[in-house]
There are 2 protein chains.
Amino acid sequence: MPNSPEHKENSRHRILASAFKLFSTNGYDNISINQIMADAEMTRGAFYGHFENKSVLYREAIFYAAGNSEIVRNKPEKLSDKEWIKKLIQKYLDKNNVTNDCPCPLAALITDVTVREPNVRKAYTRTFKRMNHRIVGYAQTFSNSSSDTVLATTAMIIGGLAIARAVDDPQLSKQLLKSCTIEALRLLDIDNEKQSKP
Amino acid sequence: MPNSPEHKENSRHRILASAFKLFSTNGYDNISINQIMADAEMTRGAFYGHFENKSVLYREAIFYAAGNSEIVRNKPEKLSDKEWIKKLIQKYLDKNNVTNDCPCPLAALITDVTVREPNVRKAYTRTFKRMNHRIVGYAQTFSNSSSDTVLATTAMIIGGLAIARAVDDPQLSKQLLKSCTIEALRLLDIDNEKQSKP
DNA sequence: GTCTATATTGGGATAGAC
DNA sequence: GTCTATCCCAATATAGAC
């Protein structure tokens, strides 16, 4: 049944997944609709049955990727808020996310959105607020950190991952992930070992 | 003397300044060589007398902007290391840098460089290392912060500024700059007021 | 809903005059 | 060193068949 609604929905998902993967790793302008549709195993003509144009696809792809990220999912029952957020930060600042095909859009597109149409920027802002809001929610059950501290921590882990992806020195990337993990856990009162000069 | 070396050097500077301004505010692909040369008050044909191609221009523009940034300049005699770095962080995380035509390339191009030719990425990496190295140098004269802490702080101020530029909510931008300033100064042992829940 | 074929344009790069 | 004129390709979007 190639004309069923399920089939169309399925095609749409495949397009969105391919779009985010290719945009985030190659940049919006370096990827053509052709390439996206080929990756999703369709031809270009089919594209316009799903999306109005390339810019709309970009916005939808950000929402799609944001909705798939682990942080918006519900916490596993057996973990405490503290254990859960510790795990999230460690997974976020993992080297897999540096080379990943499907990284956090907040890190992968941080600069890019400023030069796109307003709707893209709006999508980014909403996604950022949601992430910060989640961290605030978990942290306040056990931590003394102020909202300033949480916001700065959110900026730090996104920035750290983004820079780790940007630089061409694997050693520096690794160091960045490690340093940001340590500091983020400390800022949120999760791990409090005393720091010392190296 | 339109053919003097000084004249050529002058033209080159104008091209670089226009290029960085336009690239960082509009994105590499949304700006044509035509627009850059028009901004620099020349025509497109003149471009190739200065740069091999658009990609080389981009790399050179990053170096140009990085070389102009305040942090690589020498500290004014009358200020201590501590006073100077406090001033630098406050100026870095100022709302002028959010709307600025000529912001820090590390924040303005953070995502963009990952999808460009290797030489661009290399330019970014060198610039980041230099900035971090400067902060380490100033901080170690008065602070107990480990190199992990300084690296994470560098990521935080760059990330904070980049996100403040990305989001379309001025209130959130302002909050981000403020929060990152407070935390950065605290992480580097510059201001140590006790934090409290809001 | 998906395909092929085609119209159209924007912009990078080169050639050659001044 | 800077200009104008030109070549050329890549990619968006549309039209129309199946």
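Which residues have the most contacts inside the largest nonpolar core? I started my notebook with that one. This is a predicted model, so I keep that in mind throughout.

**Entry 1: the core**

I found that the largest nonpolar core has 116 residues. Those with the most contacts inside it are A:Ile110, A:Ile163, B:Ile110 and B:Ile163. I then picked B:Ile163 and looked up its partners, leaving aside its neighbours within four places in sequence. From chain A I noted A:Ile110, A:Phe128, A:Ala155 and A:Ile158, and from chain B I noted B:Leu176.

**Entry 2: how the two chains meet**

Next I checked the contact between the chains. It takes 47 residues from chain B and 47 residues from chain A. On the chain B side, the elements giving two or more residues are α8 (118-139), α9 (147-166) and α10 (170-187). I see that α9(B) gives the most, with 14 residues. By class I wrote down 21 nonpolar, 16 polar and ten charged residues for that side of chain B.

Do the copies meet through the same surface or through opposite ones? They meet through the same surface, because 100% of the interface residues of chain B are also interface residues in chain A.

I also laid chain B on chain A: the RMSD is 0.1 Å, after a turn of 180 degrees and a shift of 0.0 Å along the axis. The two copies are therefore related as by a two-fold rotation axis.

**Entry 3: chain A by itself**

I counted ten helices and zero strands in chain A. Its C-alpha atoms fill a box of roughly 60 × 40 × 30 Å along the principal axes. Of its 198 residues, 43% count as buried. Among the chain A contacts with a separation of 6 or more, 65% come from residues 24 or more positions apart.

Chain A is divided into domain 1 (5-54) and domain 2 (69-187). I have their C-alpha centres 26 Å apart. Where they touch, five residues of domain 1 are in contact with seven residues of domain 2. The domain 1 side of that contact divides into two nonpolar, two polar and one charged.

**Entry 4: DNA strand C**

Which residues come nearest to DNA strand C? Of the 19 residues around it, I listed A:Met42, A:Thr43, A:Gly45, A:Ala46 and B:Ser32. Both chains turn up among the elements giving two or more residues: α1 (5-26) and α3 (44-47) of chain A, with α2 (33-39) and α3 (44-47) of chain B. The largest share, four residues, comes from α1(A). I sorted the surface near strand C into five nonpolar, ten polar and four charged residues.

**Entry 5: DNA strand D**

I repeated the lookup for DNA strand D, which 17 residues surround. The closest are B:Ser11, B:Met42, B:Thr43, B:Gly45 and B:Ala46. Here α2 (33-39) of chain A, together with α1 (5-26) and α3 of chain B, each supply at least two residues. The classes near strand D come to four nonpolar, ten polar and three charged.

**Entry 6: one glutamine**

Last, I looked at A:Gln175, which lies in helix α10 (residues 170-187) of chain A. Is A:Gln175 buried, exposed or partly exposed? It is partly exposed, because 17 other C-beta atoms lie within 10 Å, and being buried would take 20 or more. I also noted A:Gly160, 15 residues from A:Gln175 along the chain, with 9.9 Å between their C-alpha atoms.

Definitions and conventions:
Residues are numbered from 1 along each chain as its sequence is written. Chains are lettered from A and ligands numbered from 1 in the order in which they are written. This is a predicted model: local features need pLDDT of at least 70, side-chain atom pairs count only at pLDDT 80 or more; totals for chains, interfaces and linings use all residues. Copies are superposed by least squares on the C-alpha atoms of residues with pLDDT of at least 70 in both. Two residues are in contact if their C-beta atoms, placed from the backbone, lie within 7 Å. A residue is near a molecule or strand if its C-beta atom, placed from the backbone, lies within 6 Å of it. Ala, Val, Leu, Ile, Met, Phe, Trp, Tyr, Cys and Pro count as nonpolar, Asp, Glu, Lys and Arg as charged, and the others, Gly among them, as polar. Domain bounds come from an automatic or database domain assignment. A nonpolar core is a set of buried Ala, Val, Leu, Ile, Met, Phe, Trp, Tyr and Cys residues joined through C-beta atoms within 7 Å. A residue is buried if 20 or more other C-beta atoms lie within 10 Å of its own, exposed if 12 or fewer, and partly exposed in between; C-beta atoms are placed from the backbone.
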